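Trainee: Please choose one part of this model for a close look, and then follow it outward to the rest of the chain and to the partner chain. I would like the cut-offs spelled out as you go.

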2 protein chains.
Amino acid sequence: MAAASRMVVIGGNATGMAAASQARRLKGPGELEIVVVERGDVTSYSSCGIPYWVAGDVTDEADLVVRTPEEHRERDIEVRLCTEAVELDPAARRVRVRGADESSGPGEWLAYDQLVLATGARPLRPPLPGIDAPGVHGVQTLDDGRALIRALEGGELDSARGPRRAVVIGAGYIGVEMSEALVRRGYEVTVLDQAEQPMTTLDPDMGALVHEAMDALGIRTLTGTAVTAIRTGADGRVRAVATEDAEHPADIVVLGLGVRPETGLARAAGLPLGESGGLLTDLSLRVRGHHDIWAGGDCVEVLDLVGGRTRHIALGTHANKHGQIIGANIGGDYGTFPGVVGTAVSKICDLEIARTGLLEQQAADLGLRYVAVTVRSTSRAGYFPGATPLHVKMTAEHRTGRLLGCQIVGREGAGKRVDVAAVALTARMTVEQLVALDLGYAPPFSPVWDPVLVAARKAVKAVREAAAD
Amino acid sequence: MAAASRMVVIGGNATGMAAASQARRLKGPGELEIVVVERGDVTSYSSCGIPYWVAGDVTDEADLVVRTPEEHRERDIEVRLCTEAVELDPAARRVRVRGADESSGPGEWLAYDQLVLATGARPLRPPLPGIDAPGVHGVQTLDDGRALIRALEGGELDSARGPRRAVVIGAGYIGVEMSEALVRRGYEVTVLDQAEQPMTTLDPDMGALVHEAMDALGIRTLTGTAVTAIRTGADGRVRAVATEDAEHPADIVVLGLGVRPETGLARAAGLPLGESGGLLTDLSLRVRGHHDIWAGGDCVEVLDLVGGRTRHIALGTHANKHGQIIGANIGGDYGTFPGVVGTAVSKICDLEIARTGLLEQQAADLGLRYVAVTVRSTSRAGYFPGATPLHVKMTAEHRTGRLLGCQIVGREGAGKRVDVAAVALTARMTVEQLVALDLGYAPPFSPVWDPVLVAARKAVKAVREAAAD
């Protein structure tokens, strides 16, 4: 019998463990040895769940762990925890790994037949004075979440000082989710962001709706505001966040500045990276030019099917799909990841925020000419109790009328309505085609014209008027 | 100046008034005279809202009226209420109208240049003994709703008799919605239906989930049960509903048996009708073979884009679109109605019920070979509070893998999730393409694999296995 070939996976989270599991389903241990190298001490956890754990929606850390290292090991997947990959040698098909503890020496070379890079992303940490002070928290890993919850629950704070104050740096997904979590923990929350509006994944006019809602929730949201330093007290702990013209007192600071692909290992080995620093792969998720190296999840760029270029989009749902596809391909089955349309949903308290496709600025940067319309409709028939306002923005390409993007801000059910536009973008539908869609209608679910169709009707008109000019 | 041409609309509800309004937007009264003939005494009301009015969700009847006759008249649309069209003479381009009161004589011939048939549908009333007895209610018109509410509020009943009992005949959309309304009014409710399961717009296995939910709500649901007679008491009022082997006491009976196209006028004039009795039109909604007669809404058959044939589907959302398209065409603009995919949503209390595409039986009747899969997922990430079970059924064509249908039963947000499948059906996507869809993900909105994608994955596998057989 031939010796088993070896699959080495760098990173034991969504992509890495999904790839390992799927490959194992297809090939037994006699055929394929699977070794996963993970820097941390857990596997397969939902990092997107961390803000909800901090908020108290999720109370048990274990709920965020989809599968423990032991569970993976029971399925004949070798998992090396607290182990780092420090050097990749594609020509010799080997990767050098060592204990994550810095005293652990040079480590050892691990040979592979197939390598999966699932190194994820790292949160942005600007080089501000004081950024490393106690009381400044990230929210990327379970360790981060645990430390933050401990701090919030008062272990580190002097509760005699009155209402506690938190400053969140960054008003994107994580910043907005964390501001909800902190408000619900009873904090006075200030959110600081350099941009004109929170949620720069939305156009500014839609971001303004989020801004209003945050104000109404008592979250002080200062936009156009750059942080210059984090101030510490005599005890070395964070005391305030300084901006150009003010100081914002803070008992705790949360960093919610987004992430960048974690591709230092790949870069040093000369693997192809895109503008964002994410790995470039072909549709089967093989790293371009390397038939035995695969990559997926938050460390790669994905093809944006609407804009026709690759982008870095860190999302658990893509990461899981990637892993499943890589595992299928290594296991001898077949799969491709055709790309994304840029769908994302989020919420702050009961305000749901959704987007898909291109922002106006992205369309303009790509040289596309477009029309943009916004409508205000309702979540249910106007006469039905509980109907709430729903704002839908839609952009369509000039002349062709092809849908380019859709953003929705509203309450109950607003978020997942964007999926209709996501499917339409995938199918490259025009807004004229959207108007004819047969969407579910009944008074408790929608007005007789679904809000997405109302927006599409207005977009059709705008496309026609623009063509007539 | 040339004399204005005349548009005559038969039926002043969704389609008719939308057509009139749209045509008026495009052509002023000097160019186009618009006359609407309506049998009842109201216009533009939401008949889909009536069950919710009876339930008490909607308290003001006026809320169900989108636009009154006076509002239409202010926009130069002539509305003749309580007037019936009794004869159509296409060769002479004229329609005979008279007062709906039977004593009103032969009426008068009204000439038209363009005729719109928007006569809607009539509820099924089986020829049962006792069907016309006081206490037997339909729920089609505002008059029906008003009469039923008056009866439910006790005007007609002897409240000393203890808990009041209602029997609903028919367990389709209307029957299910009415059973909720009656339960919420404090009635003991029995629902009778000949079919194997409630909601025959679902496959039997999905209908069984609705059956279970109805049982849990305390609604006695007897399927496979044909009604043989309605029994009356000495006072002539309804007393019970008889089936082959039992009598079900009833203080009130509600008919929820579905509707048929109201096309007597068209049939007598020799206009083309489909198998269901609905008018057949071309894509611009002109009656086939008649360049000056248009038809839309509940009196026509629409093209089923999945099955490739016409069907009768009575739905307010289609009716409104049809009116808008007919009005655009008569007004000199352009519009077509490409067809439907068969989407419908409903609910009973907090259980949401959705379907799109073909049922298994419909696919089989069309000679299609298919695979069917069912999955149980959750509405949110499994660890997120408030996550509820979601059942998704999906059918796909053998060999091609083309999506044929999707049904969803669950609680919060279940209903509108079917829209994803509706768009995918319109785009003729395969289940393999569905798996790759970029749908909105965040823990409060969806598991990392959206339930629709989980079903699609299983369908992909089933298609492959069937092909290998």
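Mentor: In H12(A), the buried residues are Pro451(A), Val452(A), Leu453(A), Val454(A), Ala455(A), Ala456(A), Arg457(A), Ala459(A), Val460(A), Ala462(A) and Val463(A), where buried requires 20 or more other C-beta atoms within 10 Å of the residue's own, exposed means 12 or fewer, partly exposed lies in between, and the C-beta atoms are placed from the backbone. This is a predicted model, in which local features need pLDDT of at least 70 and side-chain atom pairs count only at pLDDT 80 or more, while totals for chains, interfaces and linings use all residues. Residues are numbered from 1 along each chain as its sequence is written, with chains lettered from A and ligands numbered from 1 in the order in which they are written.

Helix H12 of chain A covers residues 451-468, and its 18 residues reach 26 Å from the first C-alpha to the last, close to the 26 Å expected, the expected span being 1.5 Å times one less than the number of residues. Helices here are DSSP runs of H or I with at least four residues, strands are runs of E with at least two, and both are numbered from the N terminus. An α-helix has 3.6 residues a turn, so residues three or four places apart point the same way.

The cover over the buried residues of H12(A) includes strand S23 (370-378), strand S24 (389-397), H10 and helix H11 (431-435) of chain A; contact here means that two C-beta atoms, placed from the backbone, lie within 7 Å.

H10 leads on to chain B. Chain A and chain B each give 51 residues to the contact between them, and on the side of chain A helix H8 (316-330), strand S21 (344-348) and helix H10 (418-426) each supply at least two of these residues. H10(A) contributes seven residues, the largest share of that side. By kind, the side of chain A that touches chain B divides into 33 nonpolar, eleven polar and seven charged residues, with Ala, Val, Leu, Ile, Met, Phe, Trp, Tyr, Cys and Pro counted as nonpolar, Asp, Glu, Lys and Arg as charged, and the others, Gly among them, as polar.

A turn of 180° with a shift of 0.0 Å along the axis lays chain A on chain B with an RMSD of 0.0 Å, the superposition being by least squares on the C-alpha atoms of residues with pLDDT of at least 70 in both copies. That is the relation of a two-fold axis, and in chain A the C-alpha nearest to this axis belongs to Val420(A), at 2.7 Å. Both copies use the same surface, since 100% of the contact residues of chain A recur in chain B.

As for the setting of the helix, chain A has twelve helices and 25 strands. Its radius of gyration, taken over C-alpha atoms, is 24 Å, close to the 23 Å that the globule rule gives for 469 residues, so chain A is as compact as a globular protein of that length; the rule is 2.2 Å times the number of residues to the power 0.38. The C-alpha atoms fill a box of roughly 70 × 60 × 40 Å along the principal axes, and 54% of the 469 residues count as buried. Of the contacts in chain A between residues at least 6 apart in sequence, 64% join residues at least 24 apart.
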